Amino acid sequence: MRIRESGMPVEEMWSTFFNVQHILDELQINNTLHNVLEIGSGYGTFSISASKRIVGTFFALDIDKKMIDIVKTKAILNLAPNMEFLEKDILKENTGISKGTIDYIMMFNILHHNRPEELFAKSMELLSHGGRIGIIHWRSDIETPRGPDLSIRPKPEQCLEWAIQHGFRITKSPFILEPYHYGLIIEKP
Ligand SMILES: C[S@@+](CC[C@H](N)C(=O)[O-])C[C@H]1O[C@@H](n2cnc3c(N)ncnc32)[C@H](O)[C@@H]1O
């Protein structure tokens, strides 16, 4: 089931909303990580840079073939050999990744799903103990040029509630990623 649309704009515009390296720094995506999964990798705005920071395999997963093809091409052009591409519905299909083998899951701009809890449950299975989830999403406390409608846009407090309900610990409390986003990191005990 496709995560409900929030009007993702064309790639040229989407990429202007983020300072990718700053976000990856703040989300602690670095060379201590082995296997990383990005759920809903989209245009690969973060995927290529993230794959170059880690020492294992970077799994870029998206339901949309067009998006996967874009990221595949970028991986070739940017010489990112440690990437694997999964054209899958994270909610309905088996990822093929063994349980407990992922160090870090990126949930970037996807938690406006109508069943977000399932993403946490699925992540709990895939993560190793001590494995983390990095979340970013659009802020609700200011006007933003894009992003899902405020009625479905999760606030940081909501993310914390989902995380705690699913047995995660809070590693890094919600913080602002100027200009339009916030982030947080949670961990599987
Ligand atoms: C708003 S975009 C975010 C892209 C990327 N994470 C970023 O922040 O640049 C959401 C992405 O999730 C993908 N998606 C939606 N539903 C999905 C599902 N059920 N399983 C896997 N990917 C999904 C969409 O195709 C889209 O590329």
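In this predicted model, helix 4, which comprises residues 65-77, lies across strand 2 and strand 3 and runs at about 170° to strand 3. On the sheet there also packs helix 6 (residues 156-165), which touches strand 5 (127-138), strand 6 and strand 7 (181-187), and whose direction makes about 15° with that of strand 7.

The sheet that carries these helices is an open one, formed by seven strands in the order 3-2-1-4-5-7-6 with mixed pairing. Strand 3 (83-87) and strand 6 (169-177) stand at its edges, and because each has a single partner strand, one side of each is left without a neighbour in the sheet. On average, and with direction ignored, neighbouring strands of this sheet are turned by 15° against each other. Strands of a sheet pair through backbone hydrogen bonds, in either a parallel or an antiparallel sense. Here, strand 1 (residues 36-39) and strand 2 (residues 58-62) pair in the parallel sense over four bridges, and Val36 stands opposite Phe58 in strand 2.

Returning to helix 4, its 13 residues should span 18 Å at 1.5 Å a residue, which agrees with the 18 Å that separates its end C-alpha atoms. Met67, Ile68, Val71 and Ala75 are the buried residues of this helix, and seen down the helix axis they fall within an arc of 95°, so they line one face of the helix. These buried residues pack against helix 3 (47-53), strand 2 and strand 3, whereas the face turned away from the buried side carries the exposed residues Lys65, Lys66, Thr73, Ile76 and Leu77. Helix 4 is followed by Leu79, whose phi is positive, near 50°.

Methods. Residues numbered from 1 in each chain as written. Predicted model: local features only at pLDDT ≥ 70, side-chain atom pairs only at ≥ 80, totals over all residues. Pairing = 2+ DSSP bridges. Helix = DSSP H or I, 4+ residues; strand = E, 2+ residues; numbered from the N terminus. Axes fitted to C-alpha atoms, helices over the stretch in contact; angles between N-to-C directions. Contact = placed C-beta atoms within 7 Å. Expected span 1.5 Å × (residues − 1). Buried ≥ 20, exposed ≤ 12 C-beta atoms within 10 Å, placed from the backbone. Arc of directions from axis to C-beta.
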